[in-house]
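Trainee: I should like to learn how the features of a protein model are read. Where should we begin?

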Amino acid sequence: MVISQASVIHEYATKRPSVSGVPGHFTDNEQRKMAKLWTMILAYFEQVKGKPIKVAGEYLQTISHDWSELDASDNLEDEDPTTLTLRAWQFTKGESGIKRFGLGSKKAKLSREELALDRRVNETTQQYVDRIAGRHVALMPDNFFPSFAHPSTDTRDIRDTFWSTISIKQHPDYWVHRYMRSAGWDVDRAFAMVKGIIEWRAAEAIDKINCEGEIHSGHDELRLCLSQLVGRDRLGYPLMYVRVRRIMPRANEGFVFKRYLLCQFESLQAVTRRFGRVTMLYDFTGFTMDNTPFVMVQFMIFLGRKVYAESSSVLILLVDSWLFTNFWNLIRPFLDANLSARIIFVKEVDEVRQFIDNDQLPKDLGGLNTFGAPFKLPEEGENAKMFDLDGRKEAEKEWRGRIAEFEDITKKWCDCVASASRSAEELDKLSAQRDEAGRLVERAELALNKFTRSRNNFERLGLVDADGCLVLPSDQK
């Protein structure tokens with residue numbers, strides 16, 4: 001099933017999101033396909049039992065630069081963050097405009113000023129907090145391990161990876177059905193997508209990235225608020241505002257910006273348990289091609305098409321430059337039909353109002369909305385439960401028990417859906433039991449993640465309720 005851009009625009013014009021092909025509104029044929037997909041997933045777990053994936057961890061790399069000769073006088077705290085990042089980016093290009101080396105490269109002999117600049121744009125949030133405090137601040141435990149059942153940090157269990165990924169949703173079907181929709185309801189293609197993404201997440205240790213969160217991410221990207229939560233679109237989905245001109249990923253190592261993107265997407269997944277999609281408003285005003293290096297754009301497309309398939313409502317591109325034609329020609333071949341249908345080009349802010357009401361449109365785009373979620377530094381004690389191993393063990397035991405119950409009832413549900421002799425009453429009863437089991441899996445995950453995932457910026461700002469869902473100031477009006 002391929003969506004059309006016209007149908008997407010119609011949803012916003014009527015303020016009525018489509019319920020076609022979503023959990024709770026499956027047709028009989030869609031239900032049969034979902035049951036078949038779940039049967040394949042559960043059989044896959046049996047096939048890979050005892051065969052963990054080896055961790056590669058491209059995004060777990062760290063920058064190891066020597067800043068020991070710097071002292072408090074080199075902190076650059078009084079300078080504008082955007083200006084600092086621009087200076088760092090210009091330095092990597094050299095006087096000729098051709099990139100020569102990154103700040104902190106072994107090929108570079110840096111002056112004291114350049115070394116201070118290198119530290120400012122490349123240190124992690126943990127390093128920054130430690131430097132400002134003048135001591136090590138224990139924001140989270142130093143020793144990560146995936147789980148009590150599979151404690152090795154060198155490998156990941158496939159089944160664990162699957163459930164740690166999808167149990168953040170209010171029902172497991174919410175996550176699984178996205179890949180079915182992305183695959184056009186082709187069960188074999190959907191299974192291949194699910195299998196590929198789970199194996200990728202295992203190999204890249206996304207659970208560790210979630211555990212460390214913003215603490216071990218680059219502080220520069222976070223303080224610049226490159227991607228900022230500002231409100232909701234006309235369908236009620238969270239609205240992220242991206243000022244493309246602020247993105248200067250060449251100022252630091254490539255993996256740093258990729259990790260930042262992963263942290264942002266993972267945080268959004270964790271707080272959109274109820275609202276399944278997110279709208280992205282990309283402001284290309286004043287951008288240059290240096291703000292959009294191809295390797296970064298490729299990674300973002302990979303995330304949008306594969307890792308977080310069907311997670312976007314619309315991606316609004318506000319464009320005022322002919323340069324965008326070159327950018328678009330680079331990325332268009334990598335987009336699928338569904339993602340392309342959700343990309344909306346606008347030249348004027350008035351066109352944005354088809355999708356975002358004026359009271360939610362950022363003020364610097366002519367709207368009335370003055371809210372913008374700033375980055376708040378993590379504080380000592382906010383992840384206190386992560387140090388409680390006994391509490392974590394009990395929460396993990398509960399989580400695993402709820403998963404086993406859901407898998408058991410799902411097998412029965414799949415058999416019932418496939419049976420020609422089953423009654424409607426029997427299927428309704430199993431469906432209700434399965435829905436309740438799914439809810440209990442999500443409740444168990446909500447309790448467990450206090451021990452396994454560091455708090456994100458949305459939580460520090462008080463924008464997440466007791467059910468783990470995003471709540472904005474405008475929601476209270």
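Mentor: We begin with the naming of elements. Helices (H or I, at least four residues) and strands (E, at least two) are DSSP runs, numbered from the N terminus. This is a predicted model, in which local features need pLDDT of at least 70, side-chain atom pairs count only at pLDDT 80 or more, and totals for chains, interfaces and linings use all residues. Residues are numbered from 1 along each chain as its sequence is written, and side-chain values use heavy atoms, with hydrogens and water left out.

Trainee: How many cavities of 30 Å³ or more does a search of the whole structure find?

Mentor: On a 1 Å grid over the protein atoms alone, a cavity is a set of points where a 1.4 Å probe fits but cannot get out; a pocket is an open set with protein on both sides within 12 Å along at least five of seven lines, and lining residues have an atom within 4 Å of a point. Grid points are joined across faces, edges and corners, and a volume is the space filled by probe spheres set on the points. Here the search yields 8 cavities of 30 Å³ or more. The largest cavity holds about 590 Å³ of space. It is lined by 38 residues, and those closest to its centre are Tyr-282, Met-300, Ile-301, Leu-315 and Leu-339.

Trainee: Which element supplies the largest share of the lining of the largest cavity?

Mentor: Helix α12 does, with 6 residues. At least two residues each come from α11, β5, α12 (294-307), β6 (312-318), α13 (323-331) and α14 (337-341).

Trainee: What is the volume of the largest pocket, and which residues are the closest to its centre?

Mentor: The largest pocket contains about 780 Å³ of space. Its lining has 43 residues, with Pro-146, Ser-164, Asp-207, Arg-392 and Thr-452 the closest to the centre. Two or more lining residues are given by each of several elements, including β2 (155-156), α6 (158-166), α8 (187-203) and α16 (389-418). The greatest contribution, 5 residues, is that of α17.

Trainee: How should the second largest pocket be described?

Mentor: The second largest pocket has a volume of about 630 Å³. Of its 29 lining residues, Ser-18, Val-22, His-177, Tyr-237 and Arg-277 lie nearest the centre. Both α1 and α7 (172-182) supply at least two residues of this lining, and α7 provides the largest share, 4 residues.

Trainee: Let us turn to the strands. Which way do β3 and β4 run, parallel or antiparallel?

Mentor: Two strands pair if DSSP finds at least two bridges between them. Strand β3 (residues 227-232) and β4 are joined by 5 bridges and run antiparallel; within this pairing, Ser-227 has Val-242 as its bridge partner. The two strands form a hairpin with 5 residues between them, and Gly-236 in the turn has a positive phi of about 90°. In contrast to that antiparallel pairing, β4 runs parallel to strand β5 (residues 278-283), to which 5 bridges join it.

Trainee: Where do the side chains of β4 point?

Mentor: In a regular strand the side chains alternate between the two faces of the sheet. In β4, Pro-238, Met-240 and Val-242 point one way, while Leu-239, Tyr-241 and Arg-243 point the other way. Buried means under 20% relative accessible area, exposed over 50%, and partly exposed in between (1.4 Å probe, protein chains only). By that criterion, 6 of the 6 residues of β4 are buried.

Trainee: Why is Arg-243 classed as buried?

Mentor: Arg-243 is classed as buried because its relative accessible area is 9%. This residue belongs to strand β4 (residues 238-243), and its bridge partner in β5 is Asp-283. Contact means heavy atoms within 4.5 Å. Not counting residues up to four places away in sequence, Arg-243 touches Cys-225, Leu-226, Gln-228, Asp-283 and Asp-364.

Trainee: Is Ile-9 buried, partly exposed or exposed?

Mentor: Ile-9 is partly exposed, its relative accessible area being 31%. Ile-9 is placed in helix α1 (residues 5-14). Its contacts, leaving aside neighbours within four places in sequence, are Ile-344, Gln-354 and Phe-355. A separation of 42 Å lies between the C-alpha atoms of Ile-9 and Glu-123, which are 114 residues apart along the chain.

Trainee: Which residues of helix α5 are buried?

Mentor: In α5 (residues 125-133), Thr-125, Gln-126, Tyr-128, Val-129 and Asp-130 are buried. Their cover includes α4 (112-122) and α10 (219-223). After α5 comes Gly-134, which has a positive phi near 75°.
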